[in-house]
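Welcome! Please work through the exercises below with the sequence and the 3D view side by side. Try each task yourself before you read its solution.

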Amino acid sequence: MFSSPSRSSSYEPPHQLPAAPPRHAFALGSGLLLLSFLFALLLRLDRRPFFQGVDDSWAAVVDPSTADASAEPGGLLVVLDRLGGPLGMVLPLVLLGCLCVYGRWRSGLFIFLAAVVANALVVLPVKQLADRPRPPHPSVLVNDGSYPSGQVFGAVTLVIVVAVVVFPPRARRWWWAFGAAYVLAMMGSRTWLHAQWLSDTVAGALLGAGTCLVLWRLLAPLLETEAERRASNSLWL
């Protein structure tokens, strides 16, 4: 006779956290990884691939000779360079530790594999395969191997794993916008500093997204178990 006001249309069931992977995540991720490897192989076989003209044009746009070539990199460029370096490894490890404290070791495993282990097992072999020289006169200290950008790879993986394990859907929309701006800023900074070619940064983004999608799909059963136990307050069981 009377309807319950507490169960009105404004009621929203709790959302799954960690998030479930999208459909075809494994196929899409595998395709991005394969594409990155194929371009690395092309660079190995041809030192001037078909996209080198685009790289040269962009490098000319950000040529330091158009400004004071002796000037030190600005504050934001320095911050992004540090975030792409060793500090970029500290951030996912700190997040991993925080999650494990609350019993979310499955999410921690996803972060560790995608943002830490993959940097050594995915990025370094692709760098060795491509063996691409850096642009001339980089403004920061760099090592050998320009393709792909490890800094952009780290930025993309950090953005994706945080979106998956930290934010519910509504907040995730804002995080995606912030994450996209962060990744674009990292890509721009690497080319502005002449540390990498434009195509290297694009490859780093594709490789990072592909790695996360594949691992997200492979670890989906573990993450789903965590989501169920989180909903029942039994994470430690």
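## Exercise 1: Getting an overview

Task: find how many helices and strands the chain has.

Solution. The secondary structure of the chain comes to nine helices and zero strands. Read from the N terminus on, the elements run α-α-α-α-α-α-α-α-α. This is a predicted model, and the chain has 237 residues, of which 44% are buried. Next, look at the contacts between residues at least 6 apart in sequence: 80% of them join residues at least 24 apart. Finally, turn to the surface: the chain exposes about 13100 Å², and carbon and sulfur atoms supply 68% of that area.

## Exercise 2: Deciding what to read in detail

Task: work out which element has the lowest mean pLDDT and which the highest, and find stretches where pLDDT is under 50.

Solution. Begin with the whole chain, where the average pLDDT is 84 and 87% of the residues score at least 70. Among the elements, helix α3 (residues 75-84) has the lowest mean, 76, while α8 has the highest, 96. Now look for weak stretches. Residues 1-13 stay under 50, and the model gives them one contact beyond four places in sequence. Residues 66-71 are also below 50, again with one contact beyond near neighbours in sequence. Where pLDDT is low, the predicted coordinates should not be read in detail.

## Exercise 3: The two sides of a helix

Task: which residues of helix α2 are buried, and which exposed residues sit on the face turned away from them?

Solution. Step one is to list the buried residues of α2 (residues 52-61), namely Gln52, Asp55 and Ala59. Step two is to look down the axis of α2: these buried residues fall within an arc of 55°, so they line one face of the helix. A general rule helps here: an α-helix has 3.6 residues a turn, so residues three or four places apart point the same way. Step three is to ask what the buried residues of α2 pack against, and that is α8. Step four is to turn to the face away from the buried side, which carries the exposed residues Val54 and Val61.

Val61 deserves a further step. Its relative accessible area is 54%, and the cut-off for exposed is over 50%, so Val61 counts as exposed. From Val61 to Trp192 the distance is 9.0 Å, C-alpha to C-alpha, with their positions 131 residues apart in sequence.

## Exercise 4: How two helices cross

Task: at what angle do the axes of α3 and α7 cross, and which residues meet there?

Solution. Two packed helices are described by the angle between their axes and the distance between the axes. Here the axes of α3 and α7 come within 10 Å and cross at roughly 105°. That makes α3 roughly perpendicular to α7. To see the meeting place, select Leu77, Leu80, Asp81, Leu83 and Gly84 in α3; they meet Tyr182, Ala185, Met186, Ser189, Arg190 and Trp192 in α7.

## Exercise 5: Two buried residues and their partners

Task: which residues does Val123 contact beyond four places in sequence, and which does Thr191 touch?

Solution. Take Val123 to begin with, in helix α5. At 1% relative accessibility, under the 20% cut-off, Val123 counts as buried. Its contacts beyond four places in sequence are Ala118, Pro148, Gly150, Phe153 and Leu207. Gly150 is 27 residues away from Val123 in sequence, yet their C-alpha atoms are 6.4 Å apart.

Now move to Thr191, which lies in helix α7 and is buried, with a relative accessible area of 3%. Beyond four places in sequence, Thr191 touches Trp58, Val62, Gln196, Trp197, Leu198 and Thr201.

## Exercise 6: Backbone details in the loops

Task: where does the cis peptide bond lie, and are His137 and His194 buried or exposed?

Solution. The bond from Tyr147 to Pro148 is cis, with omega near -10°. Pro148 is in the loop between α5 (105-130) and α6 (150-165). His137 lies in the loop between α5 and α6; its phi is positive, near 60°, although His137 is a residue other than glycine. His137 is exposed, with a relative accessible area of 68%.

His194 also has a positive phi, about 55°, and is found in the loop between α7 (169-192) and α8 (198-218). With a relative accessible area of 8%, His194 is buried.

Key. Residues numbered from 1 in each chain as written. Predicted model: local features only at pLDDT ≥ 70, side-chain atom pairs only at ≥ 80, totals over all residues. Heavy atoms only, no water. Helix = DSSP H or I, 4+ residues; strand = E, 2+ residues; numbered from the N terminus. Buried < 20%, exposed > 50% of the residue type's maximum accessible area, 1.4 Å probe, protein only. Arc of directions from axis to C-beta. Contact = heavy atoms within 4.5 Å. Areas by Shrake-Rupley, 256 points an atom, 1.4 Å probe, with all protein chains shown as cover. pLDDT = per-residue confidence, 0-100. Axes fitted to C-alpha atoms, helices over the stretch in contact; angles between N-to-C directions. Parallel < 35°, antiparallel > 145°, perpendicular 65-115°, else oblique.
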